[in-house]
Amino acid sequence: MERLQKVIAHAGIASRRKAEEYILAGRVKVNGQVIQQLGTQVSEKDQIEVDNVPIYQEEPVYYLFYKPRGVISAVSDDKNRKVVIDYFPNVTKRIYPVGRLDYDTSGLLLLTNDGNFSQKLTHPKYEVDKVYVAKVKGKAENKQLLPLTRGIRHEGVKMAPAKFNILSNDAKSQTSIVELTIHEGKNHQVKNMLQAVGLPVQKLKREKYGHLTLAGLRPGEYRELNKKEVSQLLELAKKVKKK
Ligand code: URA
């Protein structure tokens, strides 16, 4: 048995707090009856509806996926392009990506059916470090990247301080490989940050998410996270950094 608000959150419908609001507002039914009592215990056999739409209770699952370039971080696409879910033909649970990587970005993407987990990891106030490796145009130099460590503003959007590491410079092709560690997840954040310091990104890969790496996986492959990895991520997410 589980608390009703937890089951709604796990189904990815809303955060636990929002689920409580829905219950109090009379928007939730259990076996056809409106239930406004917070903490009502329900089992897998109970039929739960939010706004008259049934939700399905599933065992939570967590996957670490090596997203290839040229794939959309979504469960479907109206233009019929390849989406990350296409790589999980044998998974029948309703998983979806935790945050997103751009179409042309490769690397580590988490997928789950646990809305609470997803919400925690993508909420701006929870800050899990993510490490990206970018191939950029130009000869990257420390002094050029330094502003990123203090935080910058790009087109009116504030970007929190990042850590960087110049991995290599290639004089012949006039490109460099730069590692950037950020904890936010704003749209095109890494590309925008590097563009802002004059280093346009040609290729981008997410190498790490918290403690997790892509070790042992090739593009298009995935593995399930174990319990310890899931709880470590939630622990990291809890360590809210001061603004
Ligand atoms: N930053 C980007 O610019 N793109 C991504 O896909 C992820 C982070």
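Q: What makes S5 and S6 a pair of strands?
A: In this predicted model, strand S5 (residues 48-50) runs antiparallel to S6, and three bridges join the two. Pairing asks for at least two bridges, so S5 and S6 qualify. Within this stretch, Val 50 stands opposite Val 53 in S6.

Q: Why are S3 and S6 called edge strands?
A: Picture an open, antiparallel sheet of four strands, in the order S3-S2-S5-S6. Strand S3 (33-34) and strand S6 (53-55) each pair on one side only, and that makes them the edges.

Q: How do you know that Phe 65 and Tyr 87 form an aromatic pair, and why is it called tilted?
A: Their ring centres are 5.2 Å apart, and the cut-off is 6.5 Å, so they pair. The planes make an angle of 45°, which is neither under 30 degrees nor over 60, so the label is tilted. Phe 65 sits in strand S7 (residues 62-67) and Tyr 87 in the loop between S7 and strand S8 (96-97), with their positions 22 residues apart. Both Phe 65 and Tyr 87 are buried.

Q: Why do Phe 88 and Tyr 222 count as stacked?
A: With 4.1 Å centre to centre they fall within 6.5 Å, and their 20° between planes is under 30 degrees, so stacked it is. Phe 88 belongs to the loop between S7 and S8 while Tyr 222 belongs to strand S17 (residues 222-224), so this contact ties together parts 134 residues apart in sequence.

Q: Is Phe 88 buried or exposed?
A: Its relative accessibility is 2%, and buried means under 20%, so Phe 88 is buried.

Q: What makes Tyr 222 partly exposed?
A: Its relative accessible area is 29%, which lies between the 20% and 50% limits, so it gets the in-between label. Tyr 222 also belongs to one aromatic cluster with Tyr 63, Phe 65, Tyr 87 and Phe 88.

Q: How do you know that Lys 82 lies over the face of Tyr 87?
A: The distance to the ring centre is 5.2 Å, within the 6 Å allowed, and Lys 82 is placed over the ring face, so the charge counts as sitting over the ring. Elsewhere, Arg 27 lies over the face of Tyr 22, at 4.1 Å from the ring centre.

Q: What makes up the lining of the largest pocket?
A: There are ten nonpolar, nine polar and nine charged residues. The pocket itself has a volume of about 470 Å³. Among its 28 lining residues, Arg 100, Tyr 132, Glu 184, Gly 185 and Lys 186 are the closest to the centre. Helix H3 (115-122), strand S10 (130-137), helix H5 (189-196) and strand S15 (201-209) each contribute at least two lining residues.

Methods. Residues numbered from 1 in each chain as written. Predicted model: local features only at pLDDT ≥ 70, side-chain atom pairs only at ≥ 80, totals over all residues. Heavy atoms only, no water. Phe/Tyr/Trp six-rings, centres within 6.5 Å; stacked < 30°, edge-to-face > 60°. Buried < 20%, exposed > 50% of the residue type's maximum accessible area, 1.4 Å probe, protein only. Lys NZ or Arg CZ within 6 Å of the ring centre and 35° of its normal. 1 Å grid on protein atoms, 1.4 Å probe; cavity = no way out; pocket = protein on both sides within 12 Å on 5 of 7 lines; lining within 4 Å. Points joined across faces, edges and corners; volume = space filled by probe spheres on them. Nonpolar A, V, L, I, M, F, W, Y, C, P; charged D, E, K, R; others polar.
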